[in-house]
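Visitor: I'd like to learn how to read ligand sites, pockets and salt bridges in a structure like this one. Could you walk me through it?

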Amino acid sequence: MISIRNASKRFPDPEGGVVHALRSVSLDVGAREFITLLGPSGCGKTTLLRSISGFEDLDEGTIAIDGREMTHIPPNKRPVNTVFQNYALFPHLTVGDNIGYGLDVTGCARDERNRRVGEAMELVGLAGFDRRKPHQLSGGQQQRVALARAIVNRPSVLLLDEPLSALDRKLRESMQLELKNLQHELGIAFVFVTHDQQEALTMSDRIVVMDHGSVQQAGPPTEVYDRPASVFVARFVGEGNLFEGELEARGDTLALRTAGGTGIVLSAAGETRRAGPATVLIRPEDLEMADDDSAAGGFASLAVEVTQTIFVGTDFQLVAALADGTPIKATIRDPSRTLARQVQPGAHIRLRYRLDAPRVLAPAASA
Amino acid sequence: MATALARKRLRLAGLLSPISVVLGVFFLAPLSILLVYAFLEPGLYGGVEWNFYHHNFGRILGWADGEYEVFDPVYLAIFARSFRLALTTVVITLLLCYPAAMWVSSLPDRLKSFFLFLITLPFFASLVVRLFAWILILKPTGWINETLLALGAIAQPFDMLYTEGAVVLGMVYVFVPFMFLPLYANLEKLDRSLLEASRDLGAGGLRTFLRVTLPLSVPGMVGGSIIVFIPSLGNFIVPDLLGGAKVLMIGNLVEQQFLQARNWPFGSALAWMVMAAVLIFLLVYVSVVNRADALQER
Ligand SMILES: Nc1ncnc2c1ncn2[C@@H]1O[C@H](COP(=O)(O)OP(=O)(O)OP(=O)(O)O)[C@@H](O)[C@H]1O
Ligand SMILES: [Mg+2]
């Protein structure tokens, strides 16, 4: 559908240097795929999107859509449509005319045009709003108009640049679901930009994590979450406890010894790195309270002192410190509220995890 | 609550009183005097007789008393010409300034300020001097004619000076900045992402211009047109210098009545006619623009 090869883009920066907005990015997007570009501000997400839509020319590399090379094709001739971050609705046109804009351009017959505009409005839940002007709509409604205006043209790919970032949390969550359903219904590819990892995890078939203009990892949400390719990805997607130290192999387990002297034991299965400096990731939800000091088979445990407890609905969040002072976070299911009542700051407890839960990553310095 | 309101009113009065005094004393009062004079009988040797007298308007519009005042269609012809030349000036300045304003508004900020400075540069030299320069260029022995003669392109010098063309040229020259600035201010704040949205939806450059840029710059065009039209209509320096006695405009007529004929009532009547004409014109213009806007809204 879309295939991007070695795309590079540099911008001059005000001090006379250059900003590498894209560094040799290669990426394929499947025909019905929901793909999310995720990364911190300034990592090149918008630049990549604008290169696909044709508003930025690449310095190097190629982009092909539906098998056609796009380098010399202007934005208005590309089979993609964009939902802009600020919606960019035409203020002088009604909602109906905004949505019909692309169809008017192609010289679509009046009846057909009105029918399709009506369908698109129906689809995004805006039926009856066609006579309004954009400024007479709420933010969420404007967002829907922008969406309808793009999909009414039946592009092969829809590009969305942080379309939900201006909405409040409730609306945003319901729009996430709607977008996902819409994509399924339309059967077209979505390239969705966000810097909200939760949004990326919820919506995507595949997440592309970017940093400083290059792709750090591309894969399904579970893979990116469970097997982050680098410390950067581990930090950016989800929450994590990261421990740095020296790794050593002990039969079928590995042990990481931190500078503070803490030992973290984990299963060697599936890990390629077995010795030398490394970083180990343990997700907060992989930790639970250990009933006694003895580590049962398949588990390892850590002695900690609780520093803070946070109640978040059904979960119980714990901030604690290891013996050497390193902070560690745990998120524990606590439907009966027993932990919330029993565990107080200052308490000495043990947290345990399954041996196969931690992940070994390349040390932070080299990431 | 009441005191807060009172304080707000007081502050507003304080802020607005200086301009009110200036406009009241130096604008509204003279205008009222002018209105009174327009309905007084001109004295034989200048000055006025304090009788109600409507033949000042009669001379212009067609009811004269036949003995002292006669109806002369030349006044209406001069009105018509003034409108024609002022409208021509508006159209030409608009056509000249629109592409330029579009271009400047697309430049990086630093260049923008530079070109804005260039546009205001003519204000640094006296208007009369600048118009005299045009006389030197346009006159039969001016350098255009001399050059053409020397090249053998023409046998006789062109009559360029003292024509309607020369007057329009002069007014366009004087009023270009007045058209440029409102257009620029409008185009500059036009959201670029709208142009990208249009392109993204398949529209080429021309269609994007016609369906997005142009409709969204109507306020700038209206503002610029009004600011150019009004002083063009009443202008007397440009027609005086570049039109001579042949191309009189209303402004010249008013000036003559006050300074040469010393017929102040007739001059006042003319001045009020101009004002009324401008007001009617603006009302029609603005209502047409609003209607077009409403039509778009449907
Ligand atoms: N037109 C431009 N001129 C100069 N530098 C630019 C331009 N566009 C982008 N950049 C730079 O390129 C880098 C990538 O920008 P980009 O807009 O793609 O980031 P982003 O990932 O979309 O960020 P955000 O999440 O803040 O929207 C940034 O450092 C930015 O400053
Ligand atoms: Mg961006």
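Visitor: Which element gives the largest share of the shell around ligand 1?

Guide: Sort the shell residues by the element they sit in, then see which element contributes most. In this predicted model, H1(A) takes the largest share of the shell, with three residues.

Visitor: And how many residues surround ligand 1?

Guide: There are 13, and A:Ser41, A:Gly42, A:Lys45, A:Thr46 and A:Thr47 are the closest. By class, that shell splits into five nonpolar, six polar and two charged residues.

Visitor: Which polar atoms lie by the oxygen atoms of ligand 1?

Guide: Look for N or O pairs within 3.5 Å, and note whether the protein atom belongs to a side chain or the backbone. A:Ser41 places a polar side-chain atom 2.5 Å from an oxygen atom of ligand 1. For A:Lys45, a polar side-chain atom is 2.8 Å from a ligand oxygen atom. With A:Cys43 the backbone is involved: one of its polar backbone atoms is 3.2 Å from an oxygen atom of the ligand.

Visitor: How much of ligand 1 does the protein bury?

Guide: Start from the area that the ligand exposes when taken alone, which is 630 Å² here; the protein buries 63% of that. As for who supplies the shell, the elements giving two or more residues are strand E1 (2-12), strand E2 (18-29) and helix H1 (45-53) of chain A.

Visitor: Let's move on to pockets. How much space lies in the largest pocket?

Guide: With a pocket, I'd take the volume, then the lining, then the chemistry. The largest pocket has about 330 Å³ of space. It is lined by 15 residues, and B:Gly234, B:Gly251, B:Val254, B:Ala271 and B:Val274 are the closest to its centre.

Visitor: Which helices supply that lining?

Guide: In chain B, helix H10 (218-233), helix H12 (250-259) and helix H13 (264-297) each supply at least two residues. H13(B) has the largest share, five residues. The lining counts 11 nonpolar residues, three polar and one charged.

Visitor: What about the second largest pocket, and which residues lie nearest its centre?

Guide: Same routine. About 240 Å³ of space lies in the second largest pocket. Of its 13 lining residues, B:Met102, B:Arg192, B:Leu195, B:Thr208 and B:Thr213 lie nearest the centre. Helix H3 (74-105), helix H8 (192-200) and helix H9 (205-216) of chain B each give at least two residues to the lining, and H9(B) has the largest share, four residues. By class, the lining has six nonpolar, five polar and two charged residues.

Visitor: Last topic: how many salt bridges does the structure hold?

Guide: Over all chains, 26. One to look at joins the side chains of A:Arg144 and A:Glu178, at 3.2 Å from N to O. Always check where the partners sit: A:Arg144 is in helix H4 (residues 139-151) of chain A and A:Glu178 in helix H5 (residues 169-186) of chain A, 34 residues apart, and the pair links distant parts of the chain.

How values were computed:
Residues are numbered from 1 along each chain as its sequence is written. Chains are lettered from A and ligands numbered from 1 in the order in which they are written. This is a predicted model: local features need pLDDT of at least 70, side-chain atom pairs count only at pLDDT 80 or more; totals for chains, interfaces and linings use all residues. Side-chain values use heavy atoms; hydrogens and water are left out. A residue is near a molecule or strand if one of its heavy atoms lies within 4 Å of it. A polar contact is a pair of N or O atoms within 3.5 Å; within protein, one must be able to donate a hydrogen and the other to accept it, and residues adjacent in sequence count only if both atoms are side-chain atoms. Accessible areas come from the Shrake-Rupley method with a 1.4 Å probe; for residues, only the protein chains shown count as cover. Ala, Val, Leu, Ile, Met, Phe, Trp, Tyr, Cys and Pro count as nonpolar, Asp, Glu, Lys and Arg as charged, and the others, Gly among them, as polar. On a 1 Å grid over the protein atoms alone, a cavity is a set of points where a 1.4 Å probe fits but cannot get out, and a pocket is an open set with protein on both sides within 12 Å along at least five of seven lines; lining residues have an atom within 4 Å of a point. Grid points are joined across faces, edges and corners, and a volume is the space filled by probe spheres set on the points. A salt bridge is a side-chain nitrogen of Lys or Arg within 4 Å of a carboxyl oxygen of Asp or Glu.
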